[in-house]
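Thank you all for making time this morning. I would like to walk you slowly through one structure, and I will stop along the way to ask where things sit and what they touch.

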Amino acid sequence: MIAVDRGRYTCVLSEAAADAPVVTAMRARELGRKSVVVGDRVGLVGDTSGAAGALARIVRIAERRSVLRRTADDDETTAEGRLERVVVANADQLVIVSALADPPPRTGFIDRCLVAAYDADIEPLLCLTKADLAGPDQVVGYYAELELPYVLIRPDSDLDALRSLLAGRVSVLVGHSGVGKSTLVNRLVPDAARAVGTVSAIGRGRHTSTSAVALPLPAAPGVAPGAVAGWIVDTPGVRSFGLAHVSAESLLHGFPDLVEATVDCPPNCPHTPDEADCALDAWVAAGKADPRRLASYRRLLASRSGEGDVREPERNPGDPLAGS
Ligand SMILES: Nc1nc2c(ncn2[C@@H]2O[C@H](COP(=O)(O)OP(=O)(O)OP(=O)(O)O)[C@@H](O)[C@H]2O)c(=O)[nH]1
Ligand SMILES: [Zn+2]
């Protein structure tokens, strides 16, 4: 299933061929409350001809290989805020799109995405755009301990390195407004607007859609005409990942440079700043991890439990990369 709009699900009958029939379907009643999300492999019955006006029914959702989730918001005070949502099923990779300038990179956001990726058990890839405006050293330095793969994007660069990392996989792209995600999607899938526009379920082009949309990456010309080189899932509606559904321990998976320290924590240590025996403070004091990393982990911890300053909107001068 590659797109959904107002109860109409767009499905492709083959994920490997660019010209595979596209079928519009609705949920069958027997699915109960189970939601169908982009990336789901589904069983279809009824009219699967893909002819104009034809409507099939989704009767089955295959077991998911991975589940990328978010809590809609960190706001515990509203029903919406506590709602856990599946964003995409069966993704292999989370591509975190961040500009190096204009807007400046926000490691709080990147850290949040990393936690979501580890929680979903999919691989993160840092995609640093606007490399023509600023160098990557600060951001890359911050993640030095993580062996986080990254690619640099500038307007005139070829996208070969990125394309090879996307090849044969389902990759979800996330990023703040203005980082150049649309520009990148349009470069990767030159007919993205048209491709999505022709899918009746979506309406008039991608900008009318706020939910995730999967787009087939065209194979390099001459390599395998008509083949799909991989899929990217654009997530125009996802501006961040609320992490209320992730436990404090799981949250640590996004911080592999801190995990080792916690073997010296007392049992059930909450790892918060007011926990006097938390071993994380000594770990950082001993120079074994960057203090900004611990600060970021604790900001995410606090945002989860509804305490503290969740958004951290202002960049403070002592911590030029902070903010989520
Ligand atoms: N200098 C520079 N500008 C870029 C680059 N990529 C995109 N831009 C510009 O950055 C602005 C924002 O790009 P978009 O692609 O619209 O950003 P977006 O992340 O899709 O933002 P939304 O459309 O709000 O979701 C546009 O004016 C682009 O032309 C880049 O690599 N270098
Ligand atoms: Zn601790």
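Before I point at any loop, let me say what I mean by the elements on either side of it: helices are DSSP runs of H or I with at least four residues, and they are numbered from the N terminus. With that in mind, C278 can be placed in the loop between α7 and α8, and please remember throughout that what you see is a predicted model.

Let me stay with this loop for a moment, since C269 also lies between α7 (256-259) and α8 (279-285). The UniProt record, in an unreviewed entry, gives the feature "binding site" at C265, C269, H271 and C278. If we set aside residues up to four places away in sequence, C278 touches C265, C269 and H271, while C269, with its neighbours within four places likewise left out, is in contact with T262, E275, D277 and C278.

Why does C278 count as buried? A residue is called buried if 20 or more other C-beta atoms lie within 10 Å of its own, and C278 is buried because it has 21 such neighbours. C269, on the other hand, has 16 other C-beta atoms within 10 Å, and so it is partly exposed.

Now let us step back to the whole chain, which is divided into domain 1 (3-61), domain 2 (67-234) and domain 3 (248-304). Where domains 2 and 3 meet, twelve residues of domain 2 are in contact with 14 residues of domain 3. Helix α1, residues 107-120, gives the most to the domain 2 side of this meeting, with eight residues, and that side divides into five nonpolar, two polar and five charged residues.

Within domain 2 I would also like you to find V95, in strand β8 (residues 93-99), which counts as buried because it has 25 C-beta neighbours inside 10 Å. Apart from neighbours within four places in sequence, V95 is in contact with L125, C127, S171, V172 and L173. V95 and A117 are 22 residues apart in sequence, and their C-alpha atoms are 9.3 Å apart in space.

Finally, which residues come nearest to ligand 1? Of the 15 residues around it, they are S177, G180, K181, S182 and T183. Helix α4 (residues 181-188) gives the most to this shell, with three residues, and the shell as a whole divides into four nonpolar, seven polar and four charged residues.

Note on methods
Residues numbered from 1 in each chain as written. Chains lettered and ligands numbered in written order. Predicted model: local features only at pLDDT ≥ 70, side-chain atom pairs only at ≥ 80, totals over all residues. Near = placed C-beta within 6 Å. Helix = DSSP H or I, 4+ residues; strand = E, 2+ residues; numbered from the N terminus. Nonpolar A, V, L, I, M, F, W, Y, C, P; charged D, E, K, R; others polar. Domains from an automatic or database assignment. Contact = placed C-beta atoms within 7 Å. UniProt positions renumbered as here; feature names shortened; annotations may be inferred. Buried ≥ 20, exposed ≤ 12 C-beta atoms within 10 Å, placed from the backbone.
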